[in-house]
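Biologist: I'm new to this one. Can you put it up and walk me through it?

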Amino acid sequence: MAKKIISLKVNGEPYELAVDPWRSLLDVLREDLNLGGVKAGCGQGECGACTVLVDNKAVNACLYLAAEANQREVMTIEGLAPDGRSLHPVQEAFIESGAVGCGHCTPGLIMSASHLLSRNQNPSRDEISQALNGHVCRCGAPAKAVGAVERAAQSLAPAKGE
C-alpha cells in the first residue's frame, strides 16, 4: 500500500510526513518525531498512557491513525507548557500533589486533565474522576490525581476582580 502524505501541526510546529495508512499516530509521534512523552502502553486504547489532544479533543494515539491527523493540530505533553520551557499549571499541580508515581501514565493523565480544565474551569470531583476514568495505573498515582486536578483548577482560576 502506498504511503500517504499528511500535513499536521504538532505542538505548534508544522510537519509534512509520508506515512503508511495503517500506522498509528502514537508510532509517528514517538518514532518519527521523537516525542517520547507520549507513552506506549496497552496498544488497545484501554490504559490512556498515549492520550494526546487532536484539535483539542482527547484521543488515544494508539488507536488514532496518523492519516486521520492530516490537516489537524496535535498537542502532546511536550507542547503543553505555553513557552515550551516552564511547566503548565497542571504539570506543576501533579508534581506538587505527588501524583506522578512511576511516570508512565502521567503524561496521559495530565493531557486528560488539561483537556477537562480547558472546557470546565471548576469541575466537581465526580467530573474529574470521570475525565480520568480511562487511565490505568499500576503504581497508585491516580488516587492523587483528582487532588492534583483540583489544585490545578484553583491555580488556573481567574483572580477575583478580573
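Modeller: Helix H2 (residues 89-96) packs on helix H3 (residues 106-119) at an angle of about 125°, and their axes are 9 Å apart. Helices (H or I, at least four residues) and strands (E, at least two) are DSSP runs, numbered from the N terminus. Axes are lines fitted to C-alpha atoms, for helices over the stretch in contact, and angles run from 0 to 180 degrees between N-to-C directions. This is a predicted model, where local features need pLDDT of at least 70 and side-chain atom pairs count only at pLDDT 80 or more, while totals for chains, interfaces and linings use all residues. Residues are numbered from 1 along each chain as its sequence is written, and side-chain values use heavy atoms, without hydrogens and water.

Biologist: What do you call the way H2 and H3 sit to each other?

Modeller: H2 and H3 are oblique to each other, since angles under 35 degrees count as roughly parallel, over 145 as roughly antiparallel, 65 to 115 as roughly perpendicular and the rest as oblique.

Biologist: Which residues make the contact?

Modeller: From H2, Val90, Gln91 and Phe94; from H3, Thr106, Leu109, Ile110, Ala113, Ser114 and Leu117. Contact means heavy atoms within 4.5 Å. By class, six of the contact residues are nonpolar, three are polar and none is charged. Ala, Val, Leu, Ile, Met, Phe, Trp, Tyr, Cys and Pro count as nonpolar, Asp, Glu, Lys and Arg as charged, and the others, Gly among them, as polar.

Biologist: New topic, pockets. How much space is in the largest pocket?

Modeller: About 250 Å³. On a 1 Å grid over the protein atoms alone, a pocket is an open set of points with protein on both sides within 12 Å along at least five of seven lines, a cavity is a set where a 1.4 Å probe fits but cannot get out, and lining residues have an atom within 4 Å of a point. Grid points are joined across faces, edges and corners, and a volume is the space filled by probe spheres set on the points.

Biologist: Which residues are closest to its centre?

Modeller: Leu53, Asn56, Val74, Met75 and Leu80, out of 16 that line the largest pocket.

Biologist: And the second largest pocket, which element gives most of its lining?

Modeller: H3 has the largest share there, with four residues. The second largest pocket has a volume of about 210 Å³.

Biologist: How many cavities of 30 Å³ or more are there?

Modeller: One. H3 gives the most to its lining, with three residues.
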